Amino acid sequence: MTLGSLWQLLALKTRWWMAGGTACVLAGSGLGLLQFSSFLGDGRSDPLLQLPSLVLSLGGGYAVLFPGISVSRQGVRLYRDWRHHPPAAKVLWVLSLAVALGGLVACILAGLANPLLPGQLVWLFTGIYLALAGWSSALLGQAAVLRTAAPGLAGDPACATAPGR
């Protein structure tokens with residue numbers, strides 16, 4: 001099961017929301033980097049860059065996360081089915097956790113240097129984390145739907161057949 005085949009199985013409306021949300025997160029992160037560099041230069045935040053960065057990062061992240069979560073109505077067993085999940089979904093899930101942890105550490109360390117820095121950094125990491133979590137949950141959910149639709153493909157021992165005599 002490849003990333004492209006899972007992408008084709010998602011509903012068209014879900015694909016549009018996730019692609020648009022990803023574009024918004026990228027635009028918001030770009031504006032956030034511009035705002036952060038100007039903050040480092042003069043020590044003041046520019047609300048004309050910070051507010052659009054906030055809206056695009058969080059709005060885009062949630063536009064990816066909510067459709068990604070709704071792909072599978074059943075529960076996805078992350079740890080129990082780890083061997084059956086597609087590699088792309090596993091990589092995105094681990095990457096989302098790494099971004100969340102890296103953002104937390106960066107905000108804590110930045111707060112030690114200047115108490116205003118974490119407020120400038122948090123939107124950069126939050127939008128990216130939400131987008132990665134949305135993509136990974138969509139891929140994990142779609143793979144779970146495929147496994148329940150065709151249990152013999154997942155190596156389910158209850159559906160295994162013995163060769164005829």
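Helices are taken here as DSSP runs of H or I with at least four residues, and strands as E runs of at least two. By this assignment the protein, a predicted model, contains five helices and zero strands. The order of elements from the N terminus is α-α-α-α-α. Of its 165 residues, 36% count as buried. Among contacts between residues at least 6 apart in sequence, 78% join residues at least 24 apart. The exposed surface amounts to about 9700 Å², and carbon and sulfur atoms supply 71% of this area.

The unreviewed UniProt entry places the feature "transmembrane region" at residues 16–36, 48–70, 91–114 and 120–140. Two of these segments were examined for secondary structure and end-to-end distance. Residues 48–70 are 96% helix and 0% strand, with the end C-alpha atoms 34 Å apart. For residues 120–140 the helix content is 100% and the strand content 0%, and the end C-alpha atoms lie 32 Å apart.

Helix α2 covers residues 12–42, a run of 31 residues. The distance from its first C-alpha to its last is 45 Å, close to the 45 Å expected at 1.5 Å a residue. The buried residues of α2 are Thr14, Arg15, Met18, Gly21, Val25, Gly28, Ser29, Gly32, Gln35, Phe36 and Phe39. Thr14, in helix α2, has a relative accessibility of 16% and therefore falls under the 20% cut-off for buried residues. Leaving aside residues up to four places away in sequence, Thr14 touches Pro67 and Val71. Just after α2, Gly43 adopts a positive phi of about 80 degrees.

Helix α3 spans residues 47–69 and includes Ser57. The relative accessible area of Ser57 is 0%, so this residue is buried. With residues up to four places away in sequence not counted, the contacts of Ser57 are Cys24, Val25, Gly28, Ser29, Trp123 and Gly127. Of these contacts, Val25, Gly28 and Ser29 are among the buried residues of α2.

Helix α5 comprises residues 117–149 and contains Ala138. Ala138 is likewise buried, because its relative accessible area is 0%. Its contacts, again without residues up to four places away in sequence, are Met18, Gly68 and Val71. The C-alpha atoms of Ala138 and Gly68 are separated by 4.0 Å, although the two residues are 70 residues apart along the chain. Val71 is thus a contact of Ala138 and also of Thr14, while Met18 is listed among the buried residues of α2.

Helix α4 runs over residues 87–113 and has 27 residues. Because each residue is assigned 1.5 Å, a span of 39 Å is expected, and the end C-alpha atoms are indeed 39 Å apart. Within α4, Ala89, Lys90, Leu92, Trp93, Ser96, Val99, Gly103, Cys107 and Ala110 are buried. An α-helix has 3.6 residues a turn, so residues three or four places apart point the same way. A nonpolar surface patch of about 620 Å² is formed by Leu101, Leu104, Val105, Ile108, Leu109 and Leu112. Ile108, one of the patch residues, is located in helix α4. Its relative accessible area is 49%, so Ile108 is classed as partly exposed; the class of exposed residues begins over 50%.

Note on methods:
Residues are numbered from 1 along each chain as its sequence is written. This is a predicted model: local features need pLDDT of at least 70, side-chain atom pairs count only at pLDDT 80 or more; totals for chains, interfaces and linings use all residues. Side-chain values use heavy atoms; hydrogens and water are left out. UniProt positions are given in the numbering used here, feature names are shortened, and annotations may be inferred rather than shown by experiment. The expected span of a helix is 1.5 Å times one less than its number of residues. Buried means under 20% relative accessible area, exposed over 50%, partly exposed in between (1.4 Å probe, protein chains only). Contact means heavy atoms within 4.5 Å. Accessible areas come from the Shrake-Rupley method with a 1.4 Å probe; for residues, only the protein chains shown count as cover. Patches are made of residues with over 30% relative accessible area and no salt bridge: like charges are joined within 9 Å, nonpolar side chains (Val, Leu, Ile, Met, Phe, Trp, Tyr) within 5 Å. A salt bridge is a side-chain nitrogen of Lys or Arg within 4 Å of a carboxyl oxygen of Asp or Glu.
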